[in-house]
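Here's a walk through one protein model, with the ligand site, the core and a handful of single residues along the way. Have the viewer open as you read.

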Amino acid sequence: MSITANLLQLKKELDTVHVKLIAVSKTKPVQDIREAYDAGQRIFGENMVQELVEKQPQLPQDIEWHLIGHLQTNKVKYIAPFISLIHSVDSLKLLQEINKQAEKNNRVIDCLLQVYIADEETKYGLGFDEVIELLRSEDFAALKHVRITGLMGIATNTENPKQLKEEFYELKTLFDGIKQSFFRKADYFKEISMGMSADYKIAIEQGSTMVRIGSTIFGGRPKKG
Ligand SMILES: *Cc1c(COP(=O)(O)O)cnc(C)c1O
């Protein structure tokens, strides 16, 4: 199927459950993004800063760009002028740098805290206790140019639906607890970014509000290494 057909099919499915679609366009050429844009998609996710800053100027300016991959502090400055949401905040130090660059650009940058939910050693993210520690800290309270709008998690790369369900359930439970403890009056704390091509249906059943989907829309990517 074409990018347009894949996208329209997926949008129909997600609209009925009010889940936001982040079209993950990493490794894909700007023409492919353009096709998805012309089919009505406005939110795109990239995982590498360099690739994102190369593509962004070549595409319509009303695209909302989301950074979904690991972010190094020395690269924040390149995306600070335009990024809509950073899904992958995994340290106070990174958040402080985002705050600094956001201030320089005279804006507030929305961020999600990436939480470690997978049963794998390679995935980035904060532990449950680290999320709470960060939100409790005075250093966090001092940041005026970042806004935490929710949590993000990447589940284990497994086909075991029971395990996926448990991991997504844990993230949703953590979200509910944090909402209650730290953001009770903050309407903006509302996003749970979980679910990719292989597991988004389970993620949605467990309370996802945004799914990050690449290969189902754009087709497969070459395997790394
Ligand atoms: C690549 C990527 C996705 C999308 O993966 P697909 O399996 O192609 O849907 C989602 N989230 C993150 C963090 C990614 O790096």
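## Helix H5, seen from Gln101

Gln101 counts as buried, because its relative accessibility is 6%, under the 20% cut-off for that label. One thing to keep in mind from the start: this is a predicted model. Gln101 sits in helix H5, which runs over residues 92-104. If you ignore neighbours within four places in sequence, Gln101 is in contact with Val76, Lys77 and Ala80.

Glu97 is in helix H5 too. With a relative accessibility of 17%, Glu97 also falls in the buried class. Once neighbours within four places in sequence are set aside, Glu97 is in contact with Thr73 and Val76. So Val76 turns up for both side trips: it is a contact of Gln101 and a contact of Glu97, because heavy atoms within 4.5 Å count as contact.

## The nonpolar cores

Which residues have the most contacts inside the largest nonpolar core? They are Ile86 and Ile98, in a core of 64 residues. Helix H8, spanning residues 161-182, is the top contributor to this core, giving 6 residues.

Ile98 is worth clicking on. Not counting residues up to four places away in sequence, Ile98 touches Leu71, Val76, Ile86, Val89, Ile109, Cys111 and Val146. There's also a second core, separate from the first, with 7 residues. Among them are Ile22, Leu85, Met152 and Ile154.

## Around the ligand

Which residues surround the ligand? The list reads Val24, Lys26, Ile68, Ile154, Met196, Ser197, Arg212, Ile213, Gly214, Ser215 and Arg221. By type, that shell splits into 5 nonpolar, 3 polar and 3 charged residues. Ile154 appears in this shell and also belongs to the second core.

Now for the polar pairs. The side chain of Arg212 puts an N or O atom 2.9 Å from a nitrogen atom of the ligand. For Gly214, a polar backbone atom is 2.8 Å from a ligand oxygen atom. Ser215 has a backbone N or O atom 2.8 Å from an oxygen atom of the ligand. On its own the ligand has 390 Å² of accessible area, and the protein covers 89% of that.

## Two positive phi angles

Most residues other than glycine have a negative phi. His18 goes the other way, with a positive phi near 55°. You'll find His18 in the loop between helix H1 (3-15) and strand S1 (20-24). Is His18 buried or exposed? It counts as exposed, because its relative accessibility is 72%.

Thr27 is another non-glycine residue with a positive phi, about 70°. This one is in the loop between S1 and helix H2 (30-38). Thr27 counts as partly exposed, because its relative accessibility is 48%.

## Ala203 and helix H9

Ala203 lies in helix H9, residues 200-205. Its relative accessibility is 0%, so Ala203 counts as buried. Apart from neighbours within four places in sequence, Ala203 is in contact with Phe168, Met194, Gly195 and Ser208.

How many residues separate Ala203 and Ile192 in sequence? They are 11 residues apart, and their C-alpha atoms are 9.5 Å apart in space.

## Leu143 and Thr173

Leu143 is in the loop between helix H7 (138-141) and strand S6 (146-153). Despite the loop address, Leu143 is buried, with a relative accessible area of 13%. Leaving out neighbours within four places in sequence, Leu143 is in contact with Leu95, Gln96 and Asn99. Leu143 and Ile192 are 49 residues apart along the chain, and their C-alpha atoms are separated by 22 Å.

Thr173 takes us back to helix H8. At a relative accessible area of 40%, Thr173 is partly exposed. For a distance across the model, try Thr173 and Ile68: they are 105 residues apart along the chain, with 22 Å between their C-alpha atoms. Ile68 is one of the residues around the ligand.

Conventions
Residues are numbered from 1 along each chain as its sequence is written. This is a predicted model: local features need pLDDT of at least 70, side-chain atom pairs count only at pLDDT 80 or more; totals for chains, interfaces and linings use all residues. Side-chain values use heavy atoms; hydrogens and water are left out. A residue is near a molecule or strand if one of its heavy atoms lies within 4 Å of it. A polar contact is a pair of N or O atoms within 3.5 Å; within protein, one must be able to donate a hydrogen and the other to accept it, and residues adjacent in sequence count only if both atoms are side-chain atoms. Accessible areas come from the Shrake-Rupley method with a 1.4 Å probe; for residues, only the protein chains shown count as cover. Ala, Val, Leu, Ile, Met, Phe, Trp, Tyr, Cys and Pro count as nonpolar, Asp, Glu, Lys and Arg as charged, and the others, Gly among them, as polar. A nonpolar core is a set of buried Ala, Val, Leu, Ile, Met, Phe, Trp, Tyr and Cys residues joined through side-chain atoms within 4.5 Å. Buried means under 20% relative accessible area, exposed over 50%, partly exposed in between (1.4 Å probe, protein chains only). Helices (H or I, at least four residues) and strands (E, at least two) are DSSP runs, numbered from the N terminus.
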